[in-house]
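Welcome! Below you will find a few short exercises, each with a worked solution. Have a look at the structure, then try each task before reading on.

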Amino acid sequence: LLANSYSYSQYEGFAGTSDSARQKFTLSYKFRNDRKQSLDILKDATRAHDFSLSSEVGGKNNHRLKATINYRLLQVRDTLLYTAEPEDNLTGKLEYNFKLWKGAITSSTLYEIGSCLENKMEYTYIEGAPGQGVYTWTDYNGNGVQELDEFEVAFFADQANFIRVQMPSTEYIKVYANKFNQSLNIKPAVRWKSKKGFLKFLSRFSDQFAYSISQKNTSDKIAEFANPFAQNISLDELVSMNSTIRNSLSFNRGKPKFGIDYIVQSVKGKSLLTTGFDSRTNFTQTVLIRYNISPKVGMQNSTIFGKKGYESQFFTAKDYKIANIKDDFQF
């Protein structure tokens with residue numbers, strides 16, 4: 001046998017409905033035994049058990065539910081042939097879509113859970129051509145060493161000599177990942193476009209809502225590692241969290257003559273670096289007004305009210321909360 005010789009045996013069975021069935025259901029099990037070379041013979045290294053359950057349910061083309069869940073148990077038979085730890089993984093995905101009122105209201109929901117290896121991230125600053133970067137370095141303690149908490153965004157272009165590069169570290173941890181997405185669209189014009197009076201006026205309004213949240217943690221409690229909305233996870237177990245909420249209320253969306261959009265958006269993010277947690281928030285309210293005098297002449301005004309925030313466990317001197325207003329007029 002060669003040093004890299006190996007073999008495996010695999011058995012799989014499944015039961016389920018036919019592909020043409022309206023309501024689909026499948027249950028499967030797979031067993032795999034891997035062997036590797038040791039002392040000129042093949043010995044058992046690992047055994048894996050995989051369970052899978054999937055289903056798809058739909059009704060009258062207005063509702064559709066699709067779900068898949070997988071569980072994998074990896075057993076190590078010989079630690080000399082397989083040096084990694086035994087694994088116990090759970091992954092799943094749930095999708096639900098529906099439309100009501102002949103498509104005037106549509107919704108889409110997605111939920112996912114999985115597990116993976118995550119490496120901690122770290123920042124490094126690289127000096128480039130003068131004035132071609134974003135950050136500047138100030139030797140606050142006078143030791144002549146470029147330290148991470150001594151870099152900041154340059155106020156003047158000629159001082160922006162450094163760029164920041166995010167690099168993965170060599171430290172890996174096993175984490176559980178989950179994600180939840182929800183979107184909702186309301187378009188009364190689908191039903192009331194041909195109406196008159198007040199219903200005709202209401203048909204000019206539309207709304208788009210989108211919400212997304214994802215989380216990675218190392219908790220061993222299913223109520224925490226599988227729950228993207230969990231708020232009681234300790235900082236020692238939380239690896240990252242990102243969420244986005246956006247709602248757009250529009251009047252005359254898609255109409256070339258005149259329209260108004262009111263957009264509210266909130267973005268939050270927290271990530272684990274080698275130096276600790278790094279958290280950012282950004283909340284904005286946007287009012288967008290457009291008016292076209294003719295097919296060739298038009299005007300547009302955008303006003304944004306925002307609040308930005310940054311908080312770091314390591315760079316505590318750089319924490320901030322800033323309110324800002326931006327107005328842009330185009331003719």
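**Exercise 1. Find which residues T46 is in contact with, leaving aside its neighbours within four places in sequence.**

Solution. Start with the place of T46: strand β3. Helices (H or I, at least four residues) and strands (E, at least two) are DSSP runs, numbered from the N terminus. Next, list the partners, where contact means heavy atoms within 4.5 Å. With neighbours within four places in sequence left aside, T46 is in contact with R32, N33, D34, L74, Q75, V76, R77 and Y82. Last, look at the cover: T46 has a relative accessible area of 8%, so T46 counts as buried. Here buried means under 20% relative accessible area, exposed means over 50%, and partly exposed lies in between (1.4 Å probe, protein chains only).

A note on reading the model: it is a predicted one, where local features need pLDDT of at least 70, side-chain atom pairs count only at pLDDT 80 or more, and totals for chains, interfaces and linings use all residues. Residues are numbered from 1 along each chain as its sequence is written, and side-chain values use heavy atoms, with hydrogens and water left out.

**Exercise 2. Describe the place of D34, its cover and its contacts.**

Solution. First, D34 sits in strand β2 (residues 24-38). Second, its relative accessibility is 17%, and therefore D34 is buried. Third, apart from neighbours within four places in sequence, D34 touches S7, Y8, K43, D44, A45 and T46.

**Exercise 3. Work out which residue forms a salt bridge with D34, then look at two salt bridges that link distant parts of the chain.**

Solution. Begin with the general idea: side chains of opposite charge can pair when their charged atoms come close. A salt bridge is a side-chain nitrogen of Lys or Arg within 4 Å of a carboxyl oxygen of Asp or Glu. By this rule, the count is 9 salt bridges.

- The partner of D34 is R32, with the closest N and O atoms 3.0 Å apart. R32 has a relative accessible area of 27%, so R32 is partly exposed.
- R72 pairs with D50, the closest N and O atoms being 3.3 Å apart. This pair links distant parts of the chain, 22 residues apart: R72 is in strand β4 (residues 63-76) and D50 in strand β3 (residues 41-59). R72 counts as partly exposed because its relative accessibility is 30%.
- E112 pairs with K179, and their closest N and O atoms are 3.5 Å apart. Again distant parts of the chain are linked, 67 residues apart: E112 belongs to strand β6 (residues 105-127) and K179 to strand β9 (residues 162-186). E112 is partly exposed, at a relative accessible area of 24%, and K179 is partly exposed at 31%.

To finish, find the network of salt bridges that links R35, D44 and R47.

**Exercise 4. Which residues make the nonpolar surface patch of about 510 Å²?**

Solution. Patches are made of residues with over 30% relative accessible area and no salt bridge: like charges are joined within 9 Å, nonpolar side chains (Val, Leu, Ile, Met, Phe, Trp, Tyr) within 5 Å. Accessible areas come from the Shrake-Rupley method with a 1.4 Å probe, and for residues only the protein chains shown count as cover. The members are Y291, I293, V297, F329 and F331. Take V297 as a sample: V297 lies in strand β14 (residues 297-312). Its relative accessibility is 32%, so V297 counts as partly exposed.
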